[in-house]
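The following note is offered as a colleague's commentary on the model shown here. The points are numbered for ease of reply.

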Amino acid sequence: MRKESNGPLKSWNDRITSLLPWFRRATPLLTPHQAEAPERENSSYELLCDIDNAHEPYLLPVRTLDELFPGISESSVQLPANRIMREHLMVLPVTELLCIGAICRHINPRSVFEIGTYSGATTLVMAINAPGAELHTLDLPPADIAASTKIGRHFRDGPHAPRIRQHLGNSATFNFAPFDEQLDLVFVDADHTYEAVRRDTENALRLVRPGGLIIWDDYRWEEEWSECAGVTRCLNEIAAVRPVFALAGTRLAIHKVPS
Ligand SMILES: C[S@@+](CC[C@H](N)C(=O)[O-])C[C@H]1O[C@@H](n2cnc3c(N)ncnc32)[C@H](O)[C@@H]1O
């Protein structure tokens, strides 16, 4: 779970983290395109990563939607109007919802699995834009989370609910076996610690059929969400052996499993 960011400074690490905005101002920010394949020796950015162990460099090559999915610009995406205003920081910003919706329109998945439901905003956008799909979405059981009534509330009683199956369980112990190599699209967006993302990613790689797609949220992130460094670190490692791309202008990362 992402944590709240406005608490008092408690530790030396927090104090160092509080200096990061100053270092960022002193260090030109990398745009997604500039961030493409940065040199590891590359000075100030690497230094920034060393100041706070939580920070990881963005190493994934950056691609636009069109570069990853030629012809996708012809797609029209549907977004419920009540998703235009972002309800909570746990929910994806509109641009990312639209990108995921466009990808669904483009690949027309038959089976989707989301690890980390929260309020179900992305689940709903995927359901609307993948009208032929059966969707599965997993979140922790109510006893394990304070916000349990929110889980899946955007689709729970709506017209797409019959195609959406809400699973309650911990992705560390959930039995994914029935979905092995069955899924066209897996969206990984649950626990963002390195160990959890690594585990969810290994599961996702097993679940996706050849030619399918894995999308991760939070490859890129803002400093108050430093736990997302787990996503960045995991995907930097995975990218050494598989093609994984950062989606330009978003925090999303994408891997197409070879056919
Ligand atoms: C960032 S939110 C998901 C947002 C959602 N995917 C969306 O796009 O709106 C992360 C969710 O993952 C859930 N979660 C965290 N750890 C989990 C785990 N080990 N297994 C299953 N769900 C988990 C949290 O309860 C939370 O609802």
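1. A residue is taken to be near a molecule if its C-beta atom, placed from the backbone, lies within 6 Å of it. With that cut-off in mind, which residues come nearest to the ligand? They are Gly116, Tyr118, Thr122, Ser171 and Asp191, out of 22 residues around the ligand.

2. The structure is a predicted model, and its confidence should be considered before the details. The average pLDDT of the protein is 82, and 77% of the residues score at least 70. Residues 1-52, however, have a pLDDT below 50, although this stretch makes 49 contacts in the model beyond near neighbours in sequence. Where pLDDT is low, the predicted coordinates should not be read in detail.

3. The composition of the ligand shell deserves a statement of its own. Its residues comprise 12 nonpolar, six polar and four charged. Two secondary-structure elements, α5 (121-129) and β3 (134-139), each contribute at least two residues to this shell.

4. Helix α5 also packs against helix α4 (residues 94-107): the two axes come within 8 Å and cross at roughly 30°. Angles under 35 degrees count as roughly parallel, and α4 and α5 are therefore roughly parallel to each other. Their crossing is right-handed. On the α4 side the contact is formed by Leu97, Ile100, Gly101, Cys104 and Arg105, and on the α5 side by Ala121, Thr122, Val125, Met126 and Asn129. The contact residues of this pair divide into six nonpolar, three polar and one charged. Thr122 of α5 thus appears in the helix contact and is also listed among the residues that come nearest to the ligand.

5. A second helix pair should be described in the same terms. Helix α6 (residues 194-207) packs with helix α7 (residues 229-238) at an angle of about 45°, and their axes are 8 Å apart. That angle makes α6 oblique to α7. The crossing of α6 past α7 is right-handed. From α6, the contact involves Tyr194, Ala196, Val197, Arg198 and Thr201; from α7, it involves Gly230, Val231, Arg233, Cys234 and Ile238. Of the residues in this contact, six are nonpolar, two polar and two charged.

6. Should the note be shortened, two items might be kept: the ligand shell, with α5 and β3 each supplying at least two residues, and the pLDDT below 50 over residues 1-52.

Definitions and conventions. Residues numbered from 1 in each chain as written. Predicted model: local features only at pLDDT ≥ 70, side-chain atom pairs only at ≥ 80, totals over all residues. Axes fitted to C-alpha atoms, helices over the stretch in contact; angles between N-to-C directions. Helix = DSSP H or I, 4+ residues; strand = E, 2+ residues; numbered from the N terminus. Parallel < 35°, antiparallel > 145°, perpendicular 65-115°, else oblique. Left-handed = near helix turned anticlockwise from the far one by under 90°. Contact = placed C-beta atoms within 7 Å. Nonpolar A, V, L, I, M, F, W, Y, C, P; charged D, E, K, R; others polar. pLDDT = per-residue confidence, 0-100.
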